[in-house]
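Here are my comments on the model, set out as numbered points. They begin with the pockets and then move to the cavity, the core and the chain as a whole.

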Amino acid sequence: MSSTTDGSDDVLRLVPASGAAARRLVILLHGVGSSGADLMPLAQSWRQALPDTAFVAPDAPQPFDMGNGHQWFSIAGVTEENRPARVAAALPALVELIEAERQRAGVAAAEVALVGFSQGSIMALHLAMIDPERCGAVVAFAGRIAAPVATPDGVSDGSGRRPPVLMIGGAADSIMPPAVVQAAAAHFRSAGFAVEEHLLRGVPHTITAAGAQLGLDFLQRVLPSA
């Protein structure tokens with residue numbers, strides 16, 4: 001690890017490029033069968049453009065039960081009917097992680113962005129639906145929702161704050177096809193979220209340079225700068 005990165009075997013952390021205390025925190029949530037380290041290149045590519053931002057890339061808490069890597073929830077025998085319960089059961093561990101890393105960085109919930117890929121996007125989107133005050137923005141690469149869930153009004157101040165959401169899908173993605181990305185975006189819009197949606201032509205199930213740039217541009221616009 002470089003001198004700017006710290007962490008244990010299951011959480012990688014990248015301190016702000018400015019060298020000052022963090023004003024924002026980006027938490028990167030990987031896909032099934034992967035690890036936090038697989039998303040650190042994205043953090044490295046964004047770091048100079050977001051100099052007051054700390055980055056965290058945890059491993060999901062469960063070992064992948066169909067191979068190497070980690071998972072937020074099992075996909076063995078997963079169906080449209082049982083996926084929502086699996087996501088809901090996995091959510092407390094994610095909330096605990098977010099709160100621990102937020103407090104470690106010393107930032108408010110509105111200064112936290114969740115950036116997910118595939119299964120990590122499912123987790124981030126579900127949390128935003130049921131607990132929208134938990135973060136300040138969501139970037140979902142190749143993501144979907146497990147099931148439509150009603151979003152409550154704000155509980156801390158009654159503001160009903162909703163984090164802005166960026167959905168980035170690949171038009172050639174056979175794992176998270178355009179229809180599920182579009183359905184997720186439509187649900188969030190109907191629940192009062194500000195949503196940006198991009199389907200990238202010819203892109204399969206991956207994060208491209210163009211997608212990464214869209215994510216960076218979005219975070220620069222929507223996260224508090226101070």
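1. Which residues lie nearest the centre of the second largest pocket, and how many residues line it? In this predicted model, the lining of that pocket is made up of 13 residues, and those nearest its centre are Arg13, Val15, Ala54, Arg104 and Ala105. Two or more lining residues come from each of strand S2 (11-14), strand S4 (53-58) and helix H2 (83-105). The volume of this second largest pocket is about 170 Å³, and its lining divides into 9 nonpolar and 4 charged residues, with no polar ones.

2. The largest pocket has a computed volume of about 300 Å³. It is lined by 20 residues, among which Val32, Ser118, Gln119, Ile175 and Met176 are the closest to its centre. Sorted by class, this lining holds 11 nonpolar, 6 polar and 3 charged residues.

3. Turning to enclosed space, a search of the whole structure returns 1 cavity of 30 Å³ or more, and the volume of the largest cavity is about 60 Å³. Its lining consists of 13 residues, with Ile168, Gly169, Leu200, Val203 and Thr206 closest to the centre. Strand S9 (residues 165-170) contributes the most to this lining, giving 3 residues, while the lining by class comprises 7 nonpolar, 5 polar and 1 charged residues.

4. The largest nonpolar core contains 70 residues, and the members that touch the most others are Ile27, Trp46, Val115, Met167, Phe188 and Leu219. Trp46 is worth following in the viewer: once its neighbours within four places in sequence are set aside, Trp46 is in contact with Val26, Phe55, Val115, Phe141, Ala212, Gly215, Leu216 and Leu219. Two of these partners, Val115 and Leu219, are also named among the core members that touch the most others.

5. As for the chain overall, its secondary structure amounts to 5 helices and 10 strands, and the C-alpha trace spans about 45 × 45 × 35 Å along its principal axes. A compact globule of 226 residues would be expected to have a radius of gyration near 17 Å, so the 16 Å found for this chain agrees with that expectation.

6. Two further figures describe the packing of the chain. Buried residues account for 51% of its 226 residues, and, of the contacts with a separation of 6 or more, 71% join residues that are 24 or more positions apart.

Technical notes:
Residues numbered from 1 in each chain as written. Predicted model: local features only at pLDDT ≥ 70, side-chain atom pairs only at ≥ 80, totals over all residues. Heavy atoms only, no water. 1 Å grid on protein atoms, 1.4 Å probe; cavity = no way out; pocket = protein on both sides within 12 Å on 5 of 7 lines; lining within 4 Å. Points joined across faces, edges and corners; volume = space filled by probe spheres on them. Helix = DSSP H or I, 4+ residues; strand = E, 2+ residues; numbered from the N terminus. Nonpolar A, V, L, I, M, F, W, Y, C, P; charged D, E, K, R; others polar. Core = buried A, V, L, I, M, F, W, Y, C linked by side-chain atoms within 4.5 Å. Buried < 20%, exposed > 50% of the residue type's maximum accessible area, 1.4 Å probe, protein only. Contact = heavy atoms within 4.5 Å. Rg over C-alpha atoms; globule rule 2.2 N^0.38 Å.
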